[in-house]
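User: Please take one part of this model and look at it closely, then work outward from there. I would like a connected account with the reasoning shown.

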Amino acid sequence: MGTQTNREKLIQFLATIKRPDLPMESIADSDGLIKSGLIDSLAMLEIIAFLESTFDIDFSETGVDPVELESIEKILDLIDRRSK
Amino acid sequence: MIFSNLYQQITQFHENERLHEWSVVPLGNTLLWVLVLFLLQDTEFLFLLPVMFLTQQFPERRAWIMTLGAGGLFFFKKLHQLNVDDSLWFLIDTALIVSILYVFFKISKSFSILPRIIRNNPQIFLHLILWFFILITLLLPENYRDDPAWPVASNLTVCLVFFAFLIWRIGFMLYSGKRGSLKQTGFVDHLIYCLPYLGASQVPYGKGLDYLYPKRANGRLELAKIQLAGLKLLALASVWDLVLTVLDWAFFDAEAGRQPLFQLYHLQELIELSTTQMPAMTTLWISLIVDMVYETTQLAISGHLIIGCLRLFGFNLFRNTYKPLLAKTLIDFWNRYYYYFKELLVDFFFFPVYLSFFRNHPKWRIFAATMASAFLGNFYYHLLQHFDTLLISGEMPSFTRFGSYLFYCFVLGIAIFISILREQNQRGKHAAPCSTLVTIRKIAGVWLFFSILRIWDRTDSAFMADTSFFFAIFGIHF
């Protein structure tokens, strides 16, 4: 799967869990998702579930490093490294 | 509008770029440290001031300065608390504790070659080691800590108390090893969080190095900005301290010849009162609420001082307490009230369970993870914390002492689970903006819940006494 396709899937998913009053376009790929107010810290759980189901990433052995999920850029990097 | 802008400028002074530049020049920098001196003068953190100043002057030596200066002060204070006054034992104990940390640093650094069972369960391995040594202390004769014939056993127990105190920090070190992020770091880098500075508790403020290092200042201007943010927290701590003084004057302090404006009681005092001494129902309920606000303010003060100092050391960290009394949901309150404790529970209990069980059952998954953290993890943390105190006082931990706290953690776990589900249901939906009245109702609900739940939030009380007090606040006495 190409990075562009991954990005589209991720953006589509984030749009379903983000704060309704903030448009996706308001944040750059490198902006912190929680820091920018786009999502709250609980939404992190849903991002993990999304990455497990869509990209088959298994966090059970490695654990979660919240830094890896802090921005769109970092999540895409994680998908590139870890998706099966 | 003018006032709003002015308020914004004053409260957000640390974001002012001109101020960053000014605090770098000698005059501005001197003023910064004079203000820090003024704000820290009556606190135990005052001794850290020269160490903070040195890290500003030699940022490339930050880890060494913090370890030798602040770490040294930590040992001095903690060993003194544990009555280690003999200088030879002081040195031996310090060397042993640093050796324990070094052994775990080496283990973490060699994480990839550890046996698979340890690699898969590093935290369980760590805690099993601790409990193995705790069980060994049970074999020692009673009162051995005060017996001069047992100095070796007594000092080894001191090291064990330190090990228990530092265990969550060592846990973060193992996590770094698991993530492979230890390769670029030296042992001294890890001592900056493994040796918590004056006043810190078992909770690692600033977590581990993986969290701390990306947040350190790069460059003089960035340091100035972070230092000003630290100064702001110290100032806030002073303001809240003043608020406590006013609350004491108005409600709690009954000095000779003067009654408070309106007599209220702290929770501990209320629970100790007999049925006949109980104040009127209105006073009882107002006391419960005001005491919750009082305790939250106390926590904010201690957290602001610790994080303020860490910011002055050059680490741009989140506050420990961030406006919890404005939270509109239970989970939000929990997130804002004691951030680094919540993070500890999330890192060591929530995520491990969330990632390992019920992957195909979202609600069960969240339930298991929430109960593992807010209920079991929370209880286990306090059990370990009080093992420390009990061992110092020469007693053995008694599980019956924790009945009330066990109940507290259970109710908290269930409440947070329900709150998470409600939040998830709301996520992504366009909610109508809340009216002021609805917002106040939500905030009041959170205050009420935590004011009542706090009745059991104590690790030194009897479950029956606390429960009977709970009924007493509804006028039911037995």
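Analyst: A helix here is a DSSP run of H or I with at least four residues, and helices are numbered from the N terminus. The model is a predicted one. The part chosen is the loop between helix 16 and helix 17 of chain B, where Phe358(B) lies. Phe358(B) is not a glycine, yet its phi is positive, near 55°. Is its side of the chain buried or exposed? Phe358(B) has 15 other C-beta atoms within 10 Å, so it counts as partly exposed; the buried class begins at 20.

The helices on either side of this loop lead to the other chain. In total, 17 residues of chain A are in contact with 23 residues of chain B. On the chain B side, two or more residues each come from helix 9, helix 15 (330-337), helix 16 (339-356), helix 17 (362-392) and helix 18 (403-426). Helix 16 of chain B gives the largest share of that side, five residues. By class, the side of chain B that touches chain A holds ten nonpolar, six polar and seven charged residues.

The partner, chain A, has three helices and zero strands, in the order α-α-α along the sequence. Its C-alpha trace spans about 35 × 25 × 20 Å along the principal axes. The radius of gyration of chain A is 12 Å, and a compact globule of 84 residues would have a value near 12 Å, so the two agree. Buried residues make up 19% of the 84 in chain A. Of the contacts in chain A between residues at least 6 apart in sequence, 55% join residues at least 24 apart.

Chain B is also without strands: its count is 20 helices and zero strands. For its 478 residues the globule rule gives 23 Å, and the radius of gyration of chain B is 24 Å, close to that value, so chain B is as compact as a globular protein of that length. The C-alpha trace of chain B spans about 60 × 60 × 60 Å along its principal axes. Of its residues, 37% count as buried. Among contacts in chain B with a separation of 6 or more, residues 24 or more positions apart account for 72%.

Helix 9 of chain B, one of the elements on the side that touches chain A, also packs within its own chain. Two packed helices are described by the angle between their axes and the distance between the axes. For helix 8 (residues 122-138) and helix 9 (residues 151-179) of chain B, the axes come within 9 Å and cross at roughly 170°. Angles over 145 degrees count as roughly antiparallel, and therefore helix 8 of chain B is roughly antiparallel to helix 9 of chain B. From helix 8 the contact includes Leu126(B), Leu130(B), Phe133(B) and Ile134(B), and from helix 9 it includes Leu160(B), Phe163(B), Ile167(B) and Leu174(B). Lys178(B) in helix 9 is also part of this contact. The residues of the contact fall into eleven nonpolar, four polar and one charged.

A second pair in chain B gives another geometry. The axes of helix 6 (residues 87-109) and helix 10 (residues 187-194) of chain B cross at roughly 120° and come within 11 Å. That angle makes helix 6 of chain B oblique to helix 10 of chain B, and their crossing is right-handed. Leu101(B), Tyr102(B) and Phe105(B) in helix 6 meet Phe187(B), His190(B), Leu191(B) and Cys194(B) in helix 10. Six of these residues are nonpolar, one is polar and none is charged.

After helix 10 comes a residue that bears on the opening example. Lys207(B) lies in the loop between helix 10 and helix 11 (209-212) of chain B. Its phi is positive too, near 50°, and Lys207(B) is a residue other than glycine. Lys207(B) has 21 other C-beta atoms within 10 Å and is therefore buried, whereas Phe358(B) is partly exposed.

A buried residue inside a helix completes the account. Tyr294(B) is placed in helix 14 (residues 281-312) of chain B. It counts as buried because it has 20 C-beta neighbours inside 10 Å. Neighbours within four places in sequence aside, Tyr294(B) is in contact with Leu244(B) and Leu247(B). Its C-alpha atom is 9.7 Å from that of Trp240(B), a residue 54 positions away along the chain.

Definitions and conventions
Residues are numbered from 1 along each chain as its sequence is written. Chains are lettered from A and ligands numbered from 1 in the order in which they are written. This is a predicted model: local features need pLDDT of at least 70, side-chain atom pairs count only at pLDDT 80 or more; totals for chains, interfaces and linings use all residues. Axes are lines fitted to C-alpha atoms, for helices over the stretch in contact, and angles run from 0 to 180 degrees between N-to-C directions. Angles under 35 degrees count as roughly parallel, over 145 as roughly antiparallel, 65 to 115 as roughly perpendicular and the rest as oblique. A crossing is left-handed if the near helix is turned anticlockwise from the far one by less than a right angle, and right-handed if clockwise. Two residues are in contact if their C-beta atoms, placed from the backbone, lie within 7 Å. Ala, Val, Leu, Ile, Met, Phe, Trp, Tyr, Cys and Pro count as nonpolar, Asp, Glu, Lys and Arg as charged, and the others, Gly among them, as polar. The radius of gyration is taken over C-alpha atoms; the globule rule is 2.2 Å times the number of residues to the power 0.38. A residue is buried if 20 or more other C-beta atoms lie within 10 Å of its own, exposed if 12 or fewer, and partly exposed in between; C-beta atoms are placed from the backbone.
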